[in-house]
Amino acid sequence: MDSVGKSVIRKDAWDKVRGFAKFVRDLEFDELWFGLAVRAKVAHGKIKTVRATKEFEQTGAVLLLPDEIPGKNYISIVKNDMPCIAEESVEYFGEAVALVAAPNLDSARKAAALVEVEIEPLDVIATIEESAGVLSEIRMQKGNVDVALEEAEVVVHGEFHTPAQEHAYIEPQGVVAIPEDGGVHIVGSMQCPYYVRPAVAKVLGLPDDKVRVEQAMNGGAFGGKEDFPSLISAWAALLAMKTNHPVAVWFDREEDISYSTKRHPSKSRISIGLKKDGELVAIKTEYMLDGGAYTTLSPVVLARGVIHATGPYRCPNVDVHGKVFRTNKPPAGAFRGFGAPQATFPIESILDKAARELGISPLEIRKKNVIRPGDSTGTGQILEESVAAEQCLKEVEMASGFNELHAEIKEWNKHEGKANGKRRGLGISLFWHGGGFTGRGEIDMLSEAEVALKPDGVVEIRVANTEMGQGALTALSQIVAHTCGIPLEMVTYPLPDTSRVPNSGPTVASRTTMVVGKILERCAAALVEEVAKRTNTRKEEENFKGADGRVYSWEEAAKIACNGEEIVVRKQYEPPKGYKGWDESTYQGDAYASYSWGAAVAEVEVDVGTYEVTPLRVWAVVDIGRAINPREASGQVEGGLLQALGYGLFENLTVSEDGRYEQNRLQTYIIPSSADVPNLWVKILEHPSSAGPYGAKGLGELPMNGLAAALRSAVEDAMEIELDRIPVTPELVMEACENAK
Ligand code: MOS
């Protein structure tokens, strides 16, 4: 009956490996039509004409223009600046200027090509440097940075860059809208049914309850299905209402890479002040993100980036100034880590540079400054509980044998390496991730979750959170089964549908296990009490015991308690005990209810002829409070490390001067394959947090945050060069080696 802490087989495993799981493209719809966008062929311009040609009219396809939108022509996210269909100007290459629907995808494509589009081109702004528009700005200050830098014994400066990144989920974006009861029913691949619902309702000009949103099985998301499905659901909904058919908007891979959201590219200018022994006294960072054409979630990504920009380090004087710049590129959006990987890279890079200048090791400088219980973060949050960055560092040092290995590598380079034209290097990084929404986010959202006991003893979880491969289905089921003291098989968790589940918030921000899991734990505990009350018994181990000594099994007690009807328990989010509040205007206070910690060591080999970098070994230690399912948790850490490895070494999404992504398929956008996987060693630490169920903290994003910096560091170590950006491609290494000469 004890599910928590057991590596049970994931509940969706059998259906997925046998091909029974129904993704949106596996569902059947009567007379399904296909919709797509007529896309602008310039990245910036004034729209002059969009109209159907005579040939278009003979196709039988349907054209939908912005003046036909019954509600608002925007997609409500943080701000309402992104149109559903561009009406006056085009702000990025491929932006939709009209929609087309037809009975099959091929005829829809042919028809779309017959729409006459005339756009007067304007100057294209493709980089942060050229941008004049700021979409969002935040400043986090503690102490007095300028005085501290003035007085510091050593000051080190740097400028660091990180690229856009494609999510490369297995299943491209896809939704279907079905006209239903004067409104619309959306089924699709998404993270956040309760983000899609109000967004679609506003475009249709309908009340929220006329839009029903249902998640189909999800083939991966990584943040890419947090905000973007709202846009294509609105397209599908408009077309469904106009044609009175179910309408699918299903991207192929090329369309998905070219036009869906990406990780924000970043540029950071950072100065740190230190004492001669390596103790940090000041961190001053200008943290800049490229937001693309519209605001989307950028202010929230920026907030997380700013807060994580000091790294898990103790520092009395901090000034982080964050800005998101507007450019003529497809809007950037949510991506695993959500600003934290971009913010981790500069602080980790500058610490390596400082260590070199001070003649101490990268391990030593981190040990010296790592945040410990009682220390405060950049927002002045004093961390008392579940503070395990130092333990992660110590464990990763032990596992890798850091100092000894480094000495061995240096010897290897002199002998075997030299003979074979290879050089090896070792790098380290330390990172953290705050679980749940930033600042007051969870309090403002007040998520609700529900469990329902059926007369046969089955407990159904009703939450809006989605399984997307990360394991939420299994982890949340384990929490409920464990709390009720019943076998895992007696807990069900159907795919979320806004007509059936309360709004437990989006499946983002490493919040599902920690935040929603905690509400569910409280629901399940209250359910047990309710059953005991109704049966006049007490829970004892897995049974209920009456005053007369009679023992009832869970099923027997459920049958009596339910009396033919289900028992529903709904609970709302409650801030954790000791929560001290958050001040948005000063950016001070408790930014997150808990933090997860991680440390990684990477060993690489560089070919001195081709400059190719091969990752050999990676050691990672993470503290996630409690692993609800240790094997699944390790798998999620390994997956995140590989995504970070791609980000650090291979994944290169470049933009042409006219604002187009120059890679648009997985032959040109290179993600790690199984052949690129280094020898991975992962260890999970469990320093429990009272904020989460059974001590669990956030896990999903943490492993994405730090490895890219460790890889960069390892290549620097191997080649005795300095690198200020990722991905560390052979071209970049060659250039740095030539500069070093
Ligand atoms: Mo996420 S990147 O918070 O969907």
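What follows is a walk through some sheets, helix contacts and backbone oddities in this structure. Keep in mind throughout that this is a predicted model.

Let's start with a sheet. Strands E19, E18, E17 and E23 line up in that order to make an open sheet of four strands, and the pairing is mixed. At its edges sit strand E19 (491–492) and strand E23 (567–572), each of which pairs on one side only. If you want to see how E19 is attached, look at strand E18 (residues 459–462): two bridges connect E18 with E19, and the two run parallel. One place to check is Val 459, whose bridge partner in E19 is Val 491. As background, strands of a sheet pair through backbone hydrogen bonds, and they can do so parallel or antiparallel.

Now for the helices that lie across this sheet. Helix H14 (residues 472–484) lies across strand E17 (448–453), E18 and E19, and runs at about 135° to E18. Helix H15 (residues 512–535) lies across E17, E18 and E23, at about 140° to E23.

H15 turns up again at another sheet. Here three strands, in the order E20-E21-E22, form an open sheet with antiparallel pairing. Strand E20 (537–540) and strand E22 (551–552) stand at the edges with a single partner strand each, so one side of each has no neighbour in the sheet. Strand E21 (residues 543–546) is joined to E22 by two bridges, and these strands run antiparallel. Phe 544 has Tyr 552 as its bridge partner in E22. H15 lies across E20 and E21, running at about 140° to E20.

H15 also meets a helix. For packed helices, the usual description is the angle between the axes together with the distance between the axes. The axes of H15 and helix H16 (residues 554–562) come within 9 Å and cross at roughly 70°. An angle from 65 to 115 degrees counts as roughly perpendicular, and that is why H15 is called roughly perpendicular to H16. The crossing of H15 past H16 is left-handed. Which residues of H15 and H16 meet? From H15 come Val 528, Val 531, Arg 534 and Thr 535, while H16 brings Trp 554, Ala 557, Ile 560 and Ala 561. Sorted by class, this contact of H15 with H16 has six nonpolar, one polar and one charged residues.

Next, move to helix H9 (residues 340–358), where two helix contacts can be set side by side. With helix H10 (residues 362–369), H9 packs at an angle of about 110°, the axes being 8 Å apart. That angle makes H9 roughly perpendicular to H10. H9 passes H10 in a right-handed crossing. On the H9 side the contact is made by Glu 348, Leu 351, Asp 352, Ala 354, Ala 355 and Leu 358, and on the H10 side by Pro 362, Ile 365 and Arg 366. The classes in this contact of H9 with H10 are six nonpolar, no polar and three charged residues.

The other contact is with helix H19 (707–719). The axes of H9 and H19 come within 9 Å and cross at roughly 30°. Angles under 35 degrees count as roughly parallel, and H9 and H19 are therefore roughly parallel to each other. H9 passes H19 in a right-handed crossing. H9 contributes Phe 345, Glu 348, Ser 349, Asp 352 and Arg 356, and H19 contributes Ala 708, Ala 709, Arg 712, Ser 713 and Glu 716. By class, the H9 contact with H19 has three nonpolar, two polar and five charged residues.

H9 figures in an aromatic pair as well. The model has 10 aromatic pairs. In one of them, the ring centres of Phe 160 and Phe 345 are 6.2 Å apart and the planes are at 85°, so the pair is edge-to-face. Phe 160 lies in strand E8 (residues 154–162) and Phe 345 in helix H9, so this pair ties together parts 185 residues apart in sequence.

Finally, two backbone details. Most residues other than glycine have a negative phi, and most peptide bonds are trans. Leu 446 has a positive phi, near 45°, and is placed in the loop between helix H13 (441–445) and E17. The bond between Ile 726 and Pro 727 is a cis peptide bond, with omega about 0°. Where does Pro 727 sit? Pro 727 is in the loop between H19 and helix H20 (730–740).

How values were computed:
Residues numbered from 1 in each chain as written. Predicted model: local features only at pLDDT ≥ 70, side-chain atom pairs only at ≥ 80, totals over all residues. Heavy atoms only, no water. Pairing = 2+ DSSP bridges. Contact = heavy atoms within 4.5 Å. Axes fitted to C-alpha atoms, helices over the stretch in contact; angles between N-to-C directions. Parallel < 35°, antiparallel > 145°, perpendicular 65-115°, else oblique. Left-handed = near helix turned anticlockwise from the far one by under 90°. Nonpolar A, V, L, I, M, F, W, Y, C, P; charged D, E, K, R; others polar. Phe/Tyr/Trp six-rings, centres within 6.5 Å; stacked < 30°, edge-to-face > 60°.
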